[in-house]
Amino acid sequence: MQTTEIIQLRRSIDPDLYNGEKVDKKIIQEMLEAANWAPTHGYTEPWRFIVFEQPQIPAFGNWHALLYKEETAPEHFLDKKFEKIKNRAQHCSHVIVCVNKRGTKNNIPEIEEIAATSAAIQNLLLVATAHRVATFWSTGGMCYHPKFKEQLGFEESDSVLGIIYIGKHDGEIPKGKRNSDWESKVNWK
Ligand SMILES: Cc1cc2nc3c(=O)[nH]c(=O)nc-3n(C[C@H](O)[C@H](O)[C@H](O)COP(=O)(O)O)c2cc1C
């Protein structure tokens, strides 16, 4: 497939639609290697990835849901949300938590490291797409809660950029949509 074709084919596919089959670890490694080739100002290479694979996926779901329970006031706690967080990855092959590790080079602003980590995430997604592996970038659940990154061993200055759900999907790849075409977002000078 041509690069542009892969970019256009990439879709967010709901993890509830995955079939539970395992994705070859070599593909996951190829995704992570591609991530490491993202552009990086000052070579801070701030992307970090925590990879959960079967049989650790249920433990990840339990941990995430428990964190929701522990950190939510009883009057705001919802059983439905607890179950959703717990079971979100149940049909996944892998889950990758993507973190921006804030560097110590003062001349590199945080926005540039977040930009680099976001580019690394897109590399992951595109390699998955090239192998017809389904992905879903989520920032739901407790993703942005300080305890989420803390319990994964990160510091206050680091940022979780998302949870990537990964699996196999039998159906058609959904058709993408954009509210407006590229030309309307470009101003040629
Ligand atoms: C930073 C980021 C966070 C996202 N978080 C969520 C999320 O929490 N829940 C969700 O349903 N989709 C999330 N998405 C996926 C978007 O909904 C999806 O990209 C959008 O619908 C466009 O569809 P496409 O990815 O198939 O082109 C996220 C995407 C990005 C870039």
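Leaving aside its neighbours within four places in sequence, with which residues is Val 95 in contact? In this predicted model, Val 95 is in contact with Phe 52, Ile 57, Phe 60 and Ala 89, and also with Ile 163, Ile 164, Tyr 165 and Ile 166.

Val 95 also belongs to a wider grouping. The largest nonpolar core holds 38 residues, and those that touch the most other members are Val 95, Cys 98, Leu 124, Ile 164, Tyr 165 and Ile 166. Two or more residues of this core come from each of the helices H2 (25-35), H3 (57-71) and H5 (110-130), and likewise from each of the strands S1 (47-53), S2 (94-100), S3 (134-138) and S4 (159-167). The greatest contribution is that of H5, which gives 7 residues. In soluble globular proteins, nonpolar side chains tend to be buried together.

The surroundings of the ligand have another make-up. Around the ligand stand Arg 11, Ser 12, Trp 137, Ser 138, Thr 139, Gly 140, Gly 162 and Gly 176. Sorted by class, this shell comprises 6 polar residues, 1 nonpolar residue and 1 charged residue.

A further site to consider is Gly 42, which is found in the loop between H2 and S1. Gly 42 is partly exposed, because 13 other C-beta atoms lie within 10 Å, whereas a buried residue would need 20 or more and an exposed one 12 or fewer. Not counting residues up to four places away in sequence, Gly 42 touches Lys 105, Asn 107 and Ile 108. Between Gly 42 and Phe 136 the separation is 94 residues in sequence and 30 Å in space, taken from C-alpha to C-alpha.

Note on methods: Residues numbered from 1 in each chain as written. Predicted model: local features only at pLDDT ≥ 70, side-chain atom pairs only at ≥ 80, totals over all residues. Core = buried A, V, L, I, M, F, W, Y, C linked by C-beta atoms within 7 Å. Helix = DSSP H or I, 4+ residues; strand = E, 2+ residues; numbered from the N terminus. Contact = placed C-beta atoms within 7 Å. Near = placed C-beta within 6 Å. Nonpolar A, V, L, I, M, F, W, Y, C, P; charged D, E, K, R; others polar.
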